[in-house]
Every structure is written in C-alpha cells, then in structure tokens.
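User: I have a chain open in the viewer and would like to go through it with you. May we start with one strand and then move outward?

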Amino acid sequence: MKTRAFYFSMMISSLLLVSCNNDDNDPAPVNEEEVITTLTVVLTPQSGTAVTLRSQDLDGDGPNAPVVTVSGPLAENSSYSGAITVLNETESPAEDITLEVEEEDDEHQFFYGITGLNATTEYGNFDDDQNPLGTEFTLMTTDASSGSITFTLRHEPKKPNDGTLADAGGETDIAVSFDLTIE
C-alpha cells in the first residue's frame with residue numbers, strides 16, 4: 001500500500017512539474033501603441049505666411065470631441081513644405097511621438113487623402129528602404145477650391161505599398177480631416 005501511495009504521489013508531482021513548466025523564458029517585447037492627443041501640420045510657403053492645421057483631443061476616447069483648427073487659407077498656385085508633429089499631451093511635459101515614429105520609420109507611414117481641393121502631395125522623407133514615411137511632405141496647390149485633406153498615420157503598414165490605405169493595411173494610430181480653402 002505504501003508503494004502505491006509513493007507511485008501515486010510521484011505521478012502527481014510529475015504532472016505538476018510538467019504543467020508548471022515555463023517555456024516562455026524570453027517573451028517577445030511588447031510594443032505598446034502610442035497615445036496621440038495632438039496632430040499639428042505646419043505648411044510653410046516659399047513666400048508668405050505659414051498655415052497651421054491642428055487637432056487636439058486631450059481626453060482621448062472621452063466624451064469631448066477634438067478641437068480642430070486651421071489658421072487660414074492656402075494660396076493658389078503655391079508650393080508648401082509640410083511638417084507633421086504628433087504629441088502625447090497627457091504627459092507633462094508633452095511627449096513628442098514624432099520622434100518614435102521617425103525612429104521606427106519602417107513600421108509607420110503617413111497617408112494624405114485630398115477631397116475637393118485642387119492640390120497634390122509628394123512625400124519628403126523615407127525609411128531606410130526608401131519607402132515613404134511622410135512626417136515631411138510637399139503640398140502643391142493650383143486653382144481656387146475648397147475641400148479637405150485627411151492625414152492618417154498607419155502603424156505596421158505593408159511596405160512597399162501602392163500609396164492607398166487599402167493596400168497598406170496596418171492599424172490606424174490617428175486620422176484627422178481638415179477643411180481647407182485655396183484662394
């Protein structure tokens with residue numbers, strides 16, 4: 001009887017050891033999603049006044065809508081150098097998420113969607129494989145018009161892609177539309 005009890009306790013101990021085995025000694029690092037509260041786009045013309053587009057949503061997914069502002073109209077037949085900044089203003093001082101986006105350039109890409117505006121864009125910066133990143137760009141206007149431009153930051157898009165959100169895949173970190181006028 002003592003022998004059976006010994007074998008039974010050994011069998012239970014073996015099962016416990018096997019079930020408690022930790023095969024995950026080196027778990028993959030978790031890349032937490034960035035908190036983005038503010039997107040600012042500064043459009044600087046070759047001559048004239050810069051136009052600033054800004055969306056600020058300090059409560060994130062909270063009940064308050066983002067505050068979206070545009071400092072003025074764009075000029076006809078002009079070229080603007082664009083620079084995008086993304087911030088996490090839930091921290092003090094605010095964390096500049098743009099730095100992380102640029103450091104992880106192979107895992108990020110900005111897309112620009114233009115509706116109704118007589119304007120086009122060209123990427124101004126690229127990742128190490130020469131795929132678009134888009135924190136810098138050029139915006140070219142032609143005739144007077146009104147419409148919108150949407151800036152979308154994708155995390156882990158397929159690269160290279162055909163320049164569309166549908167082909168890029170990935171997850172949207174932020175997407176903001178701004179109503180603009182070209183005068």
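**A strand with two faces**

Analyst: Certainly. In strand β8 (residues 136–141), F137, L139 and T141 make up a covered face, whereas E136, T138 and M140 make up an uncovered one. Please keep in mind that this is a predicted model.

User: Why do the covered and uncovered residues take turns like that?

Analyst: In a regular strand the side chains alternate between the two faces of the sheet. In β8 the covered face holds F137, L139 and T141.

User: And how many bridges join β4 to β8?

Analyst: Strand β4 (residues 79–88) is joined to β8 by five bridges, and the two strands run antiparallel. Within this pairing, G82 has F137 of β8 as its bridge partner.

User: What about β7 and β8, in which sense do they pair?

Analyst: Strand β7 (residues 119–123) pairs with β8 in the antiparallel sense, over five bridges. Here E122 is opposite T138 of β8. T138 belongs to the uncovered face of β8, and F137, the partner of G82, belongs to the covered face.

User: Back to β4 for a moment. Where is S81 found, and is it buried or exposed?

Analyst: S81 is in strand β4. Its relative accessibility is 47%, so S81 counts as partly exposed. S81 and L43 are 38 residues apart in sequence, yet their C-alpha atoms are 5.5 Å apart in space.

User: Changing topic: how many salt bridges does the count give?

Analyst: The count is three salt bridges. As background, side chains of opposite charge can pair when their charged atoms come close. One of the salt bridges links E89 with R54, with 3.8 Å between the closest N and O atoms. E89 is in the loop between β4 and β5 (95–96) and R54 is in strand β2 (residues 51–56), so this pair ties together parts that lie 35 residues apart in sequence.

User: Are E89 and R54 buried or exposed?

Analyst: Neither term applies, because E89, at 26% relative accessibility, counts as partly exposed, and R54, with a relative accessible area of 31%, is partly exposed as well.

User: Which residue does K159 meet in a salt bridge?

Analyst: The side chain of K159 meets that of D127, at 3.2 Å from N to O. K159 lies in the loop between β9 (145–155) and α3 (165–168), and D127 lies in the loop between β7 and β8, so the pair ties together parts 32 residues apart in sequence. D127 has a relative accessible area of 2%, which means that D127 is buried.

User: And K158, what does it pair with?

Analyst: K158 forms a salt bridge with D167, at 2.7 Å from N to O. K158 has a relative accessible area of 42% and is partly exposed. D167, at 25% relative accessibility, also counts as partly exposed.

User: Which residues gather in the patch of negative charge on the surface?

Analyst: The patch consists of D106, D128, D129, E156 and E171. Of these, E171 lies in strand β10 (residues 171–182).

User: Last topic, the whole chain. How many helices and strands are there, and what pattern do they follow?

Analyst: The chain has three helices and ten strands. Along the sequence, the pattern reads α-β-β-β-β-β-α-β-β-β-β-α-β.

User: What percentage of the residues is buried?

Analyst: Of the 183 residues in the chain, 33% are buried. D127 is one of the buried residues, with its relative accessible area of 2%.

Notes. Residues are numbered from 1 along each chain as its sequence is written. This is a predicted model: local features need pLDDT of at least 70, side-chain atom pairs count only at pLDDT 80 or more; totals for chains, interfaces and linings use all residues. Side-chain values use heavy atoms; hydrogens and water are left out. Patches are made of residues with over 30% relative accessible area and no salt bridge: like charges are joined within 9 Å, nonpolar side chains (Val, Leu, Ile, Met, Phe, Trp, Tyr) within 5 Å. Accessible areas come from the Shrake-Rupley method with a 1.4 Å probe; for residues, only the protein chains shown count as cover. A salt bridge is a side-chain nitrogen of Lys or Arg within 4 Å of a carboxyl oxygen of Asp or Glu. Lys and Arg count as positive and Asp and Glu as negative; His and the chain ends are not counted. The place of a charge is taken as NZ of Lys, CZ of Arg, CG of Asp or CD of Glu. Helices (H or I, at least four residues) and strands (E, at least two) are DSSP runs, numbered from the N terminus. Buried means under 20% relative accessible area, exposed over 50%, partly exposed in between (1.4 Å probe, protein chains only). Two strands pair if DSSP finds at least two bridges between them.
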